[in-house]
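Trainee: I am new to this structure and would like a close look at one part of it: the way side chains pack and pair on the inside. Could you walk me through it step by step?

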Amino acid sequence: MEAAGGGATRAGASGAGRAARRPLLLLLALAGLVAPLWAADGPPPASCPPEYDTWVKMTALVPATLAPHYRVFMYSSPGNAVTAECYNRCRESGDCRAFLVDHARSACFRVSHLSPSSWDQPGDTPVAAAPASTYFERACLNVRGTGSRCASRAWAAERVPGYELVGWDRLTIASPVSRNECLQECIKPHDGWECRSARWDSRTGACYLSAEDRRSQPDAFRAGPWGVEYLENQCAEPLATTTSCAYQEFTNVSMVIADLQITGLDREQCQMRCNAETNFR
């Protein structure tokens with residue numbers, strides 16, 4: 001997300017048919033005034049109901065099959081965070097299936113063609129390192145059982161290939177399922193507990209659900225064997241601030257990957273703004 005000069009762009013669209021769509025990212029004016037601008041929604045993937053249309057985020061990695069000629073320049077704003085504008089533009093495009101943000105260049109590229117081994121297909125999806133980049137791919141997930149939490153999230157899940165949460169499995173689905181089905185099992189309601197993350201094994205199709213995640217159990221989050229993926233449910237209830245937001249200050253260090261840019265805040269105000277963020281965790 002990024003600061004806007006005089007207004008705000010927020011999720012939403014008029015009409016009952018769009019009420020359940022994922023939100024457009026909120027852009028905050030520096031003066032704190034909000035002037036909503038509504039952008040049109042693009043169509044969800046074929047055969048996906050509009051209320052299931054959402055996104056999965058992957059940081060510093062891209063599908064290995066995402067050839068450069070599949071990427072079409074979409075937007076740039078040198079020196080600024082561009083995730084929000086890129087997200088909105090992809091949502092507005094009729095053929096944008098994914099987009100790649102190059103944070104180092106403050107630019108993004110839309111992707112209209114995905115390989116057969118994309119997000120919603122069974123089996124492993126080879127990935128390649130893409131430092132200072134974030135990849136967002138459209139996904140079809142039933143988030144209706146999450147109430148208002150997922151309606152306020154710009155993306156429903158984060159994917160971390162090659163990593164796992166060790167020792168905190170709550171439920172195992174041994175029968176082979178796809179990556180999308182494993183995440184769907186985590187997002188749906190469970191009696192007496194909430195699934196915060198899942199571990200999916202592309203070699204066997206096994207899916208392991210957990211009531212913990214890399215924030216609640218950071219010491220258990222580690223590199224795993226080939227074919228294992230960590231999937232984090234972004235629709236889960238936020239953890240208590242005391243357990244999930246322990247800040248540490250580093251002098252003369254800046255984040256290369258940033259989704260939201262706000263200026264004019266002191267350290268305490270910046271921390272409070274991070275704690276209060278609702279579009280993403």
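**A look at the packing**

Mentor: Let's start with a charge and a ring: Arg199 lies over the face of Tyr208, 4.1 Å from the ring centre. Please keep in mind that this is a predicted model. A second contact of this kind involves Arg214, whose charged end sits over the ring of Phe221 at 5.8 Å from its centre.

Now to the packing itself. The largest nonpolar core has 21 residues, and those with the most contacts inside it are Leu141, Val143, Ala156, Cys182, Leu183 and Leu209. Three elements each give two or more residues to this core: helix 3 (179-187), strand 11 (197-201) and strand 12 (207-210). Helix 3 provides the largest share, 4 residues. Another core lies apart from this one; it has 15 residues, among them Val82, Cys86, Cys96 and Ala154.

Helix 3 deserves a longer stop. Of its 9 residues, 7 are buried, so the helix is largely enclosed by the rest of the structure. The buried ones are Arg179, Asn180, Cys182, Leu183, Gln184, Cys186 and Ile187. If you look for what covers them, you will find strands 3 (53-63), 7 (127-140), 8 (157-161), 11, 12 and 14 (228-233) among the elements around them.

One of those buried residues, Arg179, brings us to the charged pairs. Side chains of opposite charge can pair when their charged atoms come close. This structure holds 20 salt bridges. Glu229 takes part in a salt bridge with Arg179, with the closest N and O atoms 3.0 Å apart. That pair connects distant parts of the chain, as Glu229 is in strand 14 and Arg179 in helix 3, 50 residues apart. Both partners are buried.

Glu229 also forms a salt bridge with Arg159, where the closest N and O atoms are 2.9 Å apart. Arg159 belongs to strand 8 and Glu229 to strand 14, so this pair ties together parts that are 70 residues apart in sequence. Glu229 has a relative accessible area of 1%, which makes it buried, and Arg159 is buried too, at 4%.

For a contrast in setting, turn to Lys188 and Glu185, whose side chains meet in a salt bridge of 3.0 Å from N to O. Here Lys188 is partly exposed, with a relative accessible area of 37%, and Glu185 is partly exposed as well, at 24%. Elsewhere, salt bridges link Glu158, Arg214, Arg215 and Glu232 into a network. Arg214 is the residue you met over the ring of Phe221.

Rings also pair with one another. There are 9 aromatic pairs in the structure. In one of them, Trp155 and Phe280 are stacked, 5.5 Å centre to centre with 10° between their planes. Trp155 sits in the loop between helix 2 (148-151) and strand 8, and Phe280 in the segment after helix 5 (267-276), so the pair ties together parts that are 125 residues apart in sequence. Trp155 is buried at 1% relative accessible area, and Phe280 is buried at 15%. Another pair is formed by Tyr163 and Phe221: their ring centres are 5.2 Å apart and their planes meet at 25°, so this pair is stacked. Tyr163 is in strand 9 (residues 163-165) and Phe221 in strand 13 (residues 221-223), 58 residues apart. Both rings belong to partly exposed residues, with Tyr163 at 34% relative accessibility and Phe221 at 21%. Trp155 and Phe280 also belong to a cluster linked by ring pairs, together with Trp55, Tyr87, Phe99 and Phe136.

Let's finish with the cysteines. The structure holds 4 disulfides. One of them joins Cys186, a buried residue of helix 3, to Cys195, with the sulfurs 2.1 Å apart. The torsion about this S-S bond is about -100°, so the disulfide is left-handed. Cys195 is buried at 1% relative accessibility. Another disulfide connects Cys86 and Cys108, S to S 2.2 Å. Its torsion of about -95° makes it left-handed. Cys86 lies in helix 1 (residues 83-92) and Cys108 in strand 6 (residues 107-111), 22 residues apart. A further disulfide, between Cys90 and Cys96, has its sulfurs 1.9 Å apart, and both of these residues are buried. Cys270 makes a useful comparison: its closest cysteine sulfur, in Cys274, is 7.0 Å away, too far for a bond. Cys270 is partly exposed, with a relative accessible area of 46%, and Cys274 is partly exposed at 44%.

Conventions. Residues numbered from 1 in each chain as written. Predicted model: local features only at pLDDT ≥ 70, side-chain atom pairs only at ≥ 80, totals over all residues. Heavy atoms only, no water. Core = buried A, V, L, I, M, F, W, Y, C linked by side-chain atoms within 4.5 Å. Buried < 20%, exposed > 50% of the residue type's maximum accessible area, 1.4 Å probe, protein only. Contact = heavy atoms within 4.5 Å. Salt bridge = Lys/Arg side-chain N within 4 Å of Asp/Glu carboxyl O. Phe/Tyr/Trp six-rings, centres within 6.5 Å; stacked < 30°, edge-to-face > 60°. Lys NZ or Arg CZ within 6 Å of the ring centre and 35° of its normal. Disulfide = S-S within 2.5 Å.
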